[in-house]
Amino acid sequence: MVSFGNYQPKEPKSLADIPLPVLERLTEHLKRRLGGVQYANLKFAGGQLIDAKELRRTEPNSKNYKWEIPAYILHFDLELPGTPKLIFPAEIWLRSDASTIREINLPAYANSTDKQVFHSFKELMSTIARKGFLEKNMAYELEYNEDGTIVKKGLFEKNMTVRLEYNEKFDTLAWEFTKTVSDDGYTKEMKSISVNAYSGKIIKTWKSRAIR
């Protein structure tokens, strides 16, 4: 949720709380961008309804905001294929006439022919391994087969986090793998790699540092 200081926007419980003309234009826009199949997988998840006059009265400092104040901030969940079920949170900002301030952070599926197959992050482990991403802290997930024999099920990385993000530049969902390279208690150095969740191609790699 976006904070507006002392002003508390109303929170819609369903799309029925959105004025019909706005809802119709929003629906048309989302179907045109996402296509019928992906739109059908989109579920309303809440949001904020902002009254500009009430905001100005309650929070006078809002006139100094360096960004355009929307009338509607709406949240949706997109169910992605695979097991276990994966839900990606999406958001769109609209003006009072339903025109877009911030586009929904989902690919324009309707205009794309290269986003037919979605890969889970586990399917891309071999891709990042080829880039040397698993050279440290590598281990096996162990399981037992029916006769009690230990089986090496697959590689996984210790001290690694995985996030699914929308990459606006490439208009795609991308898996971002981040692992801790070193941690002396004061400074933590990390290495990250972003992989296109549809093509499986590496988008970029980078290093970062966090100071406690």
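Select Thr187 and Ile211 to start: Ile211, in strand β10, is the bridge partner of Thr187. Keep in mind throughout that this is a predicted model. Now extend the selection to residues 187-196, strand β9, and residues 202-211, strand β10. The two strands run antiparallel and are joined by nine bridges. Together β9 and β10 make a hairpin, with five residues between them. Pick out Gly200 in that turn, where phi is positive, at about 80°.

Stay on β9 and select Ser194, which is part of this strand. Is Ser194 buried or exposed? Its relative accessibility is 1%, so Ser194 counts as buried. Show what surrounds it: beyond the neighbours within four places in sequence, Ser194 is in contact with Ala174, Trp175 and Glu176, and also with Lys201, Ile202, Ile203, Lys204 and Trp206.

Go back to Gly200 and add Val117. These two residues are 83 apart along the chain, and their C-alpha atoms are separated by 9.9 Å. Val117 belongs to the loop between β4 and α3. Leaving out residues up to four places away in sequence, Val117 touches Ala197 and Tyr198.

**The whole chain**

Zoom out and colour by secondary structure. The protein chain has three helices and 10 strands. Reading from the N terminus, the order is α-β-α-β-β-β-α-β-β-β-β-β-β. Of the 212 residues, 38% are buried. Turn on the surface: the chain exposes about 13300 Å², and 50% of that comes from carbon and sulfur atoms. Among contacts with a separation of 6 or more, 52% are between residues 24 or more positions apart.

**Helix α1**

Select residues 20-40, which form helix α1. Put a distance between its end C-alpha atoms: they are 19 Å apart, whereas a straight helix of these 21 residues would reach 30 Å. Then centre the view on Leu34, where α1 has a kink of about 105°.

Show the side chains of the buried residues in this helix: Val22, Leu23, Leu26, Thr27, His29, Leu30, Arg33, Leu34, Gly35 and Gln38. Their cover includes strands β1 (42-49), β2 (72-80), β3 (86-94), β4 (100-102) and β7 (160-167).

**Strands β1, β2 and β3**

Select β2 next. Seven of its nine residues are buried, so the strand is largely enclosed by the rest of the structure. On one pairing, β1 and β2 are antiparallel over seven bridges. Gln48 marks a position in this pairing, opposite Ile73 in β2. β2 is also joined to β3 by nine bridges, again in the antiparallel sense. Here, Asp77 stands opposite Pro89 in β3. Follow the chain from β2 to β3 and you pass through a hairpin turn, with five residues between the strands. Gly82 in this turn has a positive phi of about 120°.

Which strand holds Gly46? Gly46 is in β1. With a relative accessibility of 9%, Gly46 counts as buried. Add Pro12 to the selection: Gly46 and Pro12 are 34 residues apart in sequence, with 5.9 Å from C-alpha to C-alpha. Besides Pro12, Gly46 touches Ile73, Leu74 and His75, not counting residues up to four places away in sequence.

**The nonpolar cores**

Which residues have the most contacts inside the largest nonpolar core? They are Leu80, Leu173 and Phe177, in a core of 37 residues. The elements that give two or more residues to this core are α1, β1, β2, β3, α3 (125-130), β7, β8 (172-183) and β9. Another core lies apart from it, with seven residues, among them Phe4, Tyr7, Leu55 and Trp93.

Return to Leu173 and show its contacts. Leaving out residues up to four places away in sequence, Leu173 touches a set that includes Leu80, Phe88, Pro107, Tyr109, Phe118 and Leu164. Val195, Asn196, Ala197 and Tyr198 are also among the residues in contact with Leu173.

**Two loop residues with positive phi**

Most residues other than glycine have a negative phi. Select Ala98, in the loop between β3 and β4. Its phi is positive, about 75°, although Ala98 is not a glycine. Ala98 is buried, with a relative accessible area of 6%. End at Asp171, in the loop between β7 and β8. Asp171 is also a residue other than glycine with a positive phi, near 50°.

Key. Residues are numbered from 1 along each chain as its sequence is written. This is a predicted model: local features need pLDDT of at least 70, side-chain atom pairs count only at pLDDT 80 or more; totals for chains, interfaces and linings use all residues. Side-chain values use heavy atoms; hydrogens and water are left out. Two strands pair if DSSP finds at least two bridges between them. Helices (H or I, at least four residues) and strands (E, at least two) are DSSP runs, numbered from the N terminus. Buried means under 20% relative accessible area, exposed over 50%, partly exposed in between (1.4 Å probe, protein chains only). Contact means heavy atoms within 4.5 Å. Accessible areas come from the Shrake-Rupley method with a 1.4 Å probe; for residues, only the protein chains shown count as cover. The expected span of a helix is 1.5 Å times one less than its number of residues. The bend at a residue is the angle between axes fitted to the seven residues ending there and the seven starting there. A nonpolar core is a set of buried Ala, Val, Leu, Ile, Met, Phe, Trp, Tyr and Cys residues joined through side-chain atoms within 4.5 Å.
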